[in-house]
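Hi,

Here's the structure I promised to pass on to you. Have a look at it first, and then read my notes underneath.

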Amino acid sequence: MTRPNGATTVSAPVPVVLAGARGHGRWHVENIRRLQDKGLVRLVGICELTPLTEEEFGGELPAQSPDFGELLDSTGARVAVVCTPIPTHTDLALAAAKRGVHLLLEKPPAPSYAEFRRMADGVAAAGVVCQIGFQSLGSHAVPAIRQLIAEGAIGTLTGVGGAGAWARDEAYYRRAPWAGKRRLNGVDVIDGALTNPLAHAVATALALNGTTRAEDVARIETELVRANDIESDDTSCVRVTTVQDRPVTVAVTLCAEHPGEPYVLVHGSEGRITYWYKQDRVLLQRAGHGPEEFEYGSTDLLENLVAHLVDGEALLVEPDSTGAFMKVVEAIRQAPDPAQLPTDAWHLLTAENRRVVPGIDALVTAAADTLALYSELGAPWAPPKEVST
């Protein structure tokens, strides 16, 4: 991506506005403080509908306003970090772009492919930079794995699996009005396991398969179910048929028996690579060699955005590199509403106030191992797969 007009005029510390400082936004507050201590950024404003108190913020507050555009105008921000409900992403991104403000936009970038294109095209037309917040793609493990694949360390790349067995209690779905919703007040939300909490597994699997852009996707099959009393899926799998003729299958759940670290599994004709993306940890297993483990560092995406604007470093996650992921979001959006699992397919873990699907951990693992869907693995509750082309 070429640098936008005027980017060379950006100098550190870069004035930053944060939209959404509660929930996951608290992580962004701490990260901005870290970069502020390094002299790279300066937090000049927070956009929240209900203002933060100094006690809640943990110090002296910058300017606050519920009006995002007014806040950008009054603070002279050059970068906006948008960590707000999914349906608001496009309008806020375009409000920033119209003012020449560069963006770090949290994942998923939009709840539909149409909204994603409206955002990406609008940002490009405005000549500003947008980084999509898939932090796993900032890991130095990603280019290292790509290099191993290119060198033939595991033979010919044949496909990529992804597995995520997590747990979320019932309070998780009451944390915000949009949580666990497919739609809210007639607007798409699509807050499912594959599209939000475990979206990194999908995006990273696609990236390691070399399937990043929308045109790389030929067909998508989805199986979406829910144990919880929600609209969206909490247990689901997707298989992407790619133009490279290498399948990507990702299986996830928020109802795990024994929650563990999510991972991506790269399949080759002579070996495999396992990447635990939250730990930046890689295991290489190949014919004729013992297993080899590696640990990597990671480049923070806001830090990378600032370095791009100030010094011209390459941007790590531009919008079009998430086009294939957004095709998955669109397939899930267009699929029938997730089926409620029968009562004998789950039970309540009272001590943790969460629902558990017996056998799901093994199914998630098997799907990543075999690139098969739940129905093909014999899950008795799996719905008929939906196909999107």
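Strand 13 (residues 263-268) and strand 14 (residues 271-276) make a hairpin, with two residues between them. In this predicted model, residues are counted from 1 along each chain as its sequence is written, local features need pLDDT of at least 70, and side-chain atom pairs count only at pLDDT 80 or more, while totals for chains, interfaces and linings use all residues. Side-chain values are based on heavy atoms, leaving out hydrogens and water.

A quick word on terms: helices (H or I, at least four residues) and strands (E, at least two) are DSSP runs numbered from the N terminus, and two strands pair if DSSP finds at least two bridges between them.

Back to the hairpin: strands 13 and 14 pair antiparallel over five bridges, and Gly268 sits opposite Gly271. On strand 14, five of the six residues are buried (under 20% relative accessible area, 1.4 Å probe, protein chains only; exposed is over 50%, partly exposed in between). Strand 14 also runs antiparallel to strand 15 (residues 281-286), joined by six bridges, with Tyr275 partnering Val282. That hairpin has four residues between its strands, and Asp280 takes a positive phi near 55°.

There's also an open sheet of six strands, ordered 3-2-1-4-5-6, with parallel pairing. Its edge strands, 3 (63-64) and 6 (130-132), each pair on one side only. Strand 4 (residues 79-82) and strand 5 (residues 102-105) share four bridges; Val81 has Leu104 as its bridge partner there.

Cheers
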